[in-house]
Amino acid sequence: MRSIVNILGAAVLLLRSVYALDNGVGRLPVLGYNTWNAYQCNIDEDLLLSTASLLKSLGLQDAGYNQLNIDDCYAEKNRSAGGDIIADAVRFKGGMKSLTDQIHALGFKTGIYSDSGWYTCAGYPGSYQNELRDLKTFSDWGFDYLKYDNCAIPYDEITREGIVGRYQRMADAVVQVQQSTKNNPILLSLCEWGWSQVWLWGKQFGQSWRTTGDIAPEWNSLANIINFNSFLTQATDFYGRNDLDMLQLGNGNLTFDESKSHFTAWALMKSPLLIGTNLSEITNETLSILKNNEILAINQDPTVGASISPFRWGINPDWTSNSSFPAQYWSGPTQDGTVFMLLNTLDKPSTLFFNLTESPWIRAGRQYSVRDLWTHTENGTAVRNFTAYDVPAHGVVALLLKDVGDEPDGIYPQCSVWWQCTDKNGTRVGG
Ligand SMILES: *[C@@H]1O[C@H](CO)[C@@H](O)[C@H](O)[C@H]1NC(C)=O
Ligand SMILES: *[C@@H]1O[C@H](CO)[C@@H](O)[C@H](O)[C@H]1NC(C)=O
Ligand SMILES: *[C@@H]1O[C@H](CO)[C@@H](O)[C@H](O)[C@H]1NC(C)=O
Ligand SMILES: *[C@@H]1O[C@H](CO)[C@@H](O)[C@H](O)[C@H]1NC(C)=O
Ligand SMILES: *[C@@H]1O[C@H](CO)[C@@H](O)[C@H](O)[C@H]1NC(C)=O
Ligand SMILES: *[C@@H]1O[C@H](CO)[C@@H](O)[C@H](O)[C@H]1NC(C)=O
Ligand SMILES: *[C@@H]1O[C@H](CO)[C@@H](O)[C@H](O)[C@H]1NC(C)=O
Ligand SMILES: *[C@@H]1O[C@H](CO)[C@@H](O)[C@H](O)[C@H]1NC(C)=O
Ligand SMILES: *[C@@H]1O[C@H](CO)[C@@H](O)[C@H](O)[C@H]1NC(C)=O
């Protein structure tokens, strides 16, 4: 029995050393930039280098955004005669290795893109049946990270496996390349739009997995993504997390308040935070959201990997799935206290109230200091409950509550959760 336990333990350790990386790679959500949402296929080496220098000059690198990812369309349409993916000879004329060297020299990690089928979503070579060859190419080119997409799926009579099997092939290639190079393994980011319940198995293979289709820069899209992921928060922890897709702050018709809600929800749900907008057009207002260091600190919490979760849906009954009106009241543990997110999903201002013990992370009979993570102010001490007045339409409140000792004596009711409240003498006083 003991030896079986030991063997299992060794196997788990081996897996951890490969996928879950004891050296910390992939332990926390990635912060950075991805080219797709702003540029689609209009990318070249100059754009990548100018994006890197903007991430620096705008202070985003200092804020923690240290990853620069190339999305689809960097390759030639055909592989080489020898079967390798080749970088576009015009747009990446200096070659990928030279580009990643320059990006690394600027202090960034850098990612590339491929697909688990015959072709990428934009029709460039996919990696099916070329997984190891392509991963070696990406490794030789100097990439640290691979976003792996799900277009152009081969016929069943060829694959004889499901979506898990096709991602397994690339995960195996990651292990093989890591073992031969002894470098850090290339981080896998699974992009398969929530098909096949990826939140149940994605952690075996990658540091993140997309759960929904592509984001659009409008409130309906944000509400839909938040609603869907509100039911999957338990899948997220260190080394593996729901990916809510790129940040669209200040883009499309998102208002300032909607952008703050977007950033708060993504960060506190521990999603990767990859900026997807044109940095040449970014406003100071948007930058101030992206650089909210108190919210980023929770996204990057070194001791708690869990996502926030809803404790009350608010305007709809608890557990209602409604893609326009997601849950409004959320909380989660952090290294410094309990964080709350209050989301006004209505299109008019509203006042949001909660009892502290509605959150499982709060101790009954204690009082809490309240830190507002958007105004960066101390907002007094909460006893039993907290009210946020006049939260703007589609706006957000983010609070960090810290235990500051026993609540004052004599507060009624005797139990903050009134159900079953009972005197020591056996008399039930609560409902
Ligand atoms: C690319 O491959 C296709 C299909 O194999 C072929 O028809 C086409 O001529 C090739 N294009 C170039 C530029 O080699
Ligand atoms: C902006 O908002 C409206 C809804 O008011 C929506 O129909 C439209 O498609 C939006 N999207 C963008 C990207 O402008
Ligand atoms: C990005 O912004 C710059 C500066 O406004 C503009 O010249 C460029 O066309 C934009 N690129 C895209 C793809 O929107
Ligand atoms: C944005 O902030 C920078 C740095 O603080 C400042 O130099 C610049 O004038 C601001 N731009 C606008 C449009 O306010
Ligand atoms: C979503 O919730 C809103 C607010 O309660 C409600 O008016 C709407 O009918 C719901 N939508 C669906 C599809 O249930
Ligand atoms: C908050 O607590 C009060 C007093 O115990 C109770 O009457 C009320 O129903 C609670 N509200 C919510 C939303 O839990
Ligand atoms: C909120 O808690 C205070 C005690 O701090 C209590 O007096 C008040 O009635 C509570 N409000 C509600 C609405 O439960
Ligand atoms: C916290 O206090 C600041 C400064 O007074 C205020 O602007 C903000 O609205 C308060 N936050 C909440 C949630 O009440
Ligand atoms: C038992 O507790 C109840 C509720 O606090 C109280 O009203 C009652 O007087 C107590 N009875 C005795 C015998 O102490």
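Which residues lie nearest the centre of the second largest pocket? In this predicted model, Thr233, Gln234, Ser309, Pro310 and Trp319 do, out of 18 that line the pocket. A pocket here is an open set of points on a 1 Å grid over the protein atoms alone, where a 1.4 Å probe fits, with protein on both sides within 12 Å along at least five of seven lines; lining residues have an atom within 4 Å of a point. About 360 Å³ of space lies in this second pocket, a volume being the space filled by probe spheres set on the points. Its lining has 10 nonpolar, seven polar and one charged residues, with Gly counted as polar and Asp, Glu, Lys and Arg as charged.

The largest pocket comes in at about 530 Å³. Val25, Gln67, Lys109, Asp144 and Leu187 sit closest to its centre, among 28 lining residues.

Turning to ligand 8, its neighbours (a heavy atom within 4 Å) are Asp372, Thr375, Thr377, Asn379, Phe386 and Val397. Polar contacts (N or O pairs within 3.5 Å) involve Asp372, with a polar side-chain atom 2.7 Å from a ligand nitrogen, and Asn379, whose side-chain N or O atom is 2.4 Å from a ligand oxygen. For Thr377, the distance from a polar side-chain atom to an oxygen of the ligand is 3.3 Å.

Residues are numbered from 1 along each chain as its sequence is written, while chains are lettered from A and ligands numbered from 1 in the order in which they are written. Local features need pLDDT of at least 70, side-chain atom pairs count only at pLDDT 80 or more, and totals for chains, interfaces and linings use all residues, with side-chain values using heavy atoms and leaving out hydrogens and water.

Technical notes
A polar contact is a pair of N or O atoms within 3.5 Å; within protein, one must be able to donate a hydrogen and the other to accept it, and residues adjacent in sequence count only if both atoms are side-chain atoms.
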